[in-house]
Amino acid sequence: MAGLSMSHELGGSYGEKVLLNGDVYVGKFDGLLAHGVGRYTWSDGIIYDGQWEKSKITGRGKICWPSGATYEGEFCGGFLHGSGTLLGVDGSVYKGLWRMNKQHGKGIKTYSNLDEYDGLWREGWQDGHGTYRWSNGDTYTGNWKAGKMYGKGVMKWVNGDIFYGDWSDGFENGSGCYKYVDGSIYVGIWSKGLKDGHGTFFPPGSKLPSQLRYLDSVLCDNKVQSLSHSLSYSAEEPVSKKPPKGRCGINRWSILGCFLKSKRISHRSSSLGVWSIDTGCSSLSENTSHTQCSSYDESQHVLVDTCIVAYDREYMQGVLITERISYFDFQRSQRSKRNWKMKKQSRGPGENIYRGHRSYYLMLNLQLGIRYTVGKITPVPMREVRSSDFGPRARIRMYFPCMGSQFTPPHNSSAFFWKDYCPMVFRNLREMFKIDAADYMMSICGGDGLKELSSPGKSGSIFYLSQDERFLIKTLRKYELKILLKMLPNYYVHVGAYDNTLITKFFGLHRLTIKGRKVRFVVMGNMFRTELRIHRRYDLKGSSIGRCTRMHKTNGNTTLKDLDLSYVFHLEKSWRESLFRQISLDCKFLESQSIIDYSLLLGLHFRAPEHLKAYLESHNLPTESAGSPDNYSESQLHEEIRNLPKGLRLVAHEPSSVTSLPGSHIRGSTLRASAAGNEEVDLLLPGTGRWRVQLGVNMPAQANLKLLHNCLLDSAETDPIEVYDVVLYFGIIDILQEYNMTKKMEHACKSLKYDPLLISAIEPKMYSKRFISFLKEVFPE
C-alpha cells in the first residue's frame, strides 16, 4: 500500500481514509495499519474487498478490474496466492491454485472458445499432467511443458483416430502408435508431427501382437485417461503400481520401443492411403502416389487362415518411401513365441549404460579420469604448445585407489591407473574448437552417464556417446594410439591453419589400466549431433570391393557403403569449389602421414521428398526429335531437373537468429551463396528452425537418383526420376590407419583376386587420388 498515510485522529478500529493519490480505504484498522476486513478502491477503478493483515492484502477476498475481470479467492502479501477463481475479460474462467499472481498447481481453465484444460500448471503455463478438450471434441491427455504438449500423451480426435506416444512443442515427436478409426494401426517414429523413419503398419482386422493387444483394448474401452496416467510418469513421480497379473502391462510394451522419438494439433481427417507395392522396387512410383489420400479398402486386406500381413514402412518428412510386406504365422508363434519379434526402435542411438551393465565400471573410471585431468589442466595459463608437449612422454599419470588419496577422490569402482596423453595440446585443441571446459566435463562426466554404440566397422572398437550426443568416445588399439601421437604435431598445425577442415576433431587421448588390462580412448566430436533427423548415412571410400550392405539387415541407424549410394548431389558452384579445395588439402595432409582407409561419413536429411517425372512434351523438344525419345539427351534431362523449384530457403546470415550453436565437430566460416548476393547465409526451414550453413554442416543440396545411360525415358512406364531436397552433413573419419607392412601384404594378396585399383588397401597417393575422383562423381558439377 505505497503512499498510505493516516492521521492520528483516526484512532478507532474502523474508519475511512482518502489517500493523497485518490485511493480510498474503508474498513478495519490496527493502529495505523489496515487490518481485518476492508475495501480498497484505487484511483484507476480497481476494487478489492476482503481481508487485510498489517496493511497487506492477505486472506480471502475479491478483486475487480475496470475491464470486467474478477478474482475471488485467497491472497498473500498482496499477491493472488492459494486457491481462487479468475473470470477473464474475454469470458475465460480459471479455477484452481495460484502462486505469486500466476496459475501454479492443480487447476481447470475454460477458455472463451469453450476449450478446457484440466491439469497441472507452473508459473502460468500448463506444465505437468493434464487433459485438454477442444470445443470440437478432440481430447489430449498427457504431459505438458511450458504450455505445450511435451512428453508422453494420448490424443483422440473426434473422428475416432487416436495417437499415443511422444510429443514435443505441441507436435507428435518421437515414437508412438497411431490407431485409425477403421482399426488399422501404425507403430513408428514421428518428427514435428510427420511420420519420419521406420515403422510397422497393421491393416484393419489384424490379429495384433501381444505387445499391442493391451493398449488396443484400453483404447477400445475409451480408457484414455488411465492409459495416459501410466505413460506420463516422470522421474519425480515414478509409477509404483504394477499392472494386473495376466495382462500385458504398459511397461512390457517396451519391445515396441515404447514411444521412440516425433505437429501441432490439427483437426485432420483420418483417411489412410493405399499403395501398390512392388517388392523389387525401393521407392514408390508416381503412378501410385496419387492414391495416398484415398480411403482404406478393407476388402483388399483379407486375412487368410492364421497368417496375416503387416507392412514394414519407411517415411521421410511424412512421405512414404519404401514398403515391404512381412507375414506372421500366429499358430507357429503360439508354439514358439520367440520365433517372431517386432523391431525394437531405440530411443535415440545407443544403449544407456546402467548399474550392472558390462561397461558400467569402465565408464565410471573414464569419467573420473577425464574430470580429474581436465580440472587439473584448465587453470594452467593459456600458452603456445611446445615440442615437449607432444609425444608419449608428455602425459599426466595418476593412480586412483578405491579409498581415495591425497589427490584423488574415493570411488565405487575398481582401483585403476590413469594416463592422459599430451594434455596441453588437447586443451589448446578444445579451445581452438571453442569447447568450454565446464561444458566438456558436464557432457561426458555428468550424472546421466554415457551410451554404448555397436561398432559400425570391422575394427572391433567400442563406441560411447555422451548423453547430449556432442561427443563420441572410441576405444583404440595400441598401434592406433601410436599413430595418433606420431601425427599429432602435424595434425595440430593443419587444423590450426584450416578452419574449414573436414578431418575428425580430437579432444582428448587417454588410457585406463584396470587389473593389468589396458584400454585406450580417444574423444571426438559427434558429426551427427544435429537438430535435423539423419535419414540416411553413408561411409564412402571410393572402393568397390566389399563396399555394400545386406539391405535386409539395415535400419534407420545403419551406415551404408559406396555401392549402396544411389544418388548424386548438386551443390551451388562456389560451395562445390570450396568443398573440393578443402578435401584436397585434407587428403594431402593424410597422404603426407601415410594414412589410408579414411572415408567420408555422409549424412542426409530429406525434406518432404517428391517423386518427379520428366515427361516428353513436343513443344519443348526440337521438331526433328519430337517423336524420338531416344534423342532426348541426358544433359537436357539434368537441366530440366536442375531448374525445378527447391523447397530449401537461404537467407542472409544473422548470428542472433540462428536456432542453435554449431556442434562440437564444427569450426569454420559461414558459407556465402550467389543466390543471396554472395552474402553469408543461413538455412531457414519454416516450422523447424534456422541454421548457419558451413562446409559439411547444414548444407542444402539437390539429390538426384543416378541415371542409367540406356534407360532414359523410352516409355511412359519408365521408373520416375527421383529428385529430393536434402540437407547434408559430412566429414572425413577413420584417419588412424597407416599404410604399413600389414596393409602392403593385404594389397598383394587381394591383388591376386581383384583389380588392384579397386581394393581398399592401396598406397596413400593412389588412395587419395581415387578418393577425390569418387567424390567428384558423388558431387558432380
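A salt bridge here is a side-chain nitrogen of Lys or Arg within 4 Å of a carboxyl oxygen of Asp or Glu. The exercises below use a predicted model.

**Exercise 1. Salt bridges across the structure**

Task: State how many salt bridges a search of the whole structure finds. Then work out where Lys 152 and Asp 166 lie and whether each is buried or exposed.

Solution:
1. The search of the whole structure gives 18 salt bridges.
2. One pair is Lys 152 and Asp 166, with N to O at 2.9 Å.
3. Lys 152 belongs to strand E13 (residues 148-156) and Asp 166 to strand E14 (residues 162-168), so the bridge ties together parts 14 residues apart in sequence.
4. Buried means under 20% relative accessible area.
5. Lys 152 has 16%, so Lys 152 is buried.
6. Asp 166 has 3% relative accessibility and is buried too.

**Exercise 2. A pair far apart in sequence**

Task: Find which residue forms a salt bridge with Glu 452. Then classify each partner as buried or exposed.

Solution:
1. The partner is Arg 358, and the closest N and O atoms are 2.4 Å apart.
2. Glu 452 sits in strand E23 (residues 450-453). Arg 358 sits in the loop between strand E20 (351-352) and helix H5 (360-377).
3. The two residues are 94 residues apart, and the pair links distant parts of the chain.
4. Glu 452 has a relative accessible area of 8% and is buried.
5. Exposed means over 50%. Arg 358 has 65%, so Arg 358 is exposed.

**Exercise 3. Asp 682, and a network**

Task: Give the closest N and O distance for Asp 682 and Arg 690, and the burial class of each. Then name the residues that shared partners join into one network.

Solution:
1. The closest N and O atoms of Asp 682 and Arg 690 are 3.0 Å apart, in a salt bridge.
2. Asp 682 is buried, at 0% relative accessibility.
3. Arg 690 is buried, at 14%.
4. Elsewhere, salt bridges with shared partners join Asp 539, Arg 547 and Asp 562 into one network.

**Exercise 4. A charge without a bridge**

Task: Arg 511 is buried. Identify the nearest side chain of opposite charge and decide what follows for a salt bridge.

Solution:
1. Arg 511 is placed in strand E26 (residues 506-514).
2. The nearest side chain of opposite charge is Asp 420, 11 Å away.
3. The cut-off is 4 Å. Arg 511 has no salt bridge.
4. Beyond four places in sequence, Arg 511 touches Phe 417, Trp 418, Lys 419, Tyr 421, Lys 518, Val 519 and Arg 520.

**Exercise 5. Two packed helices**

Task: Describe how helix H8 packs against helix H9, and list the residues that make the contact.

Solution:
1. Two packed helices are described by the angle between their axes and the distance between the axes.
2. H8 (residues 478-497) and H9 (residues 573-592) pack at about 165 degrees, with axes 11 Å apart.
3. Angles over 145 count as roughly antiparallel. H8 is therefore roughly antiparallel to H9.
4. The crossing of H8 past H9 is right-handed.
5. H8 contributes Met 487, Asn 490, Tyr 491 and His 494 to the contact. H9 contributes Leu 585, Asp 586 and Phe 589.

**Exercise 6. The surroundings of Phe 79**

Task: Place Phe 79 in its strand, classify its accessibility and name its contacts beyond four places in sequence.

Solution:
1. Phe 79 is in strand E7 (residues 79-87).
2. At 31% relative accessibility, Phe 79 counts as partly exposed.
3. Its contacts are Glu 74, Met 100 and Asn 101.
4. Arg 99 is 20 residues from Phe 79 along the chain, and their C-alpha atoms are separated by 7.7 Å.

Key
Residues numbered from 1 in each chain as written. Predicted model: local features only at pLDDT ≥ 70, side-chain atom pairs only at ≥ 80, totals over all residues. Heavy atoms only, no water. Buried < 20%, exposed > 50% of the residue type's maximum accessible area, 1.4 Å probe, protein only. Lys, Arg positive; Asp, Glu negative; His and termini not counted. Contact = heavy atoms within 4.5 Å. Axes fitted to C-alpha atoms, helices over the stretch in contact; angles between N-to-C directions. Parallel < 35°, antiparallel > 145°, perpendicular 65-115°, else oblique. Left-handed = near helix turned anticlockwise from the far one by under 90°.
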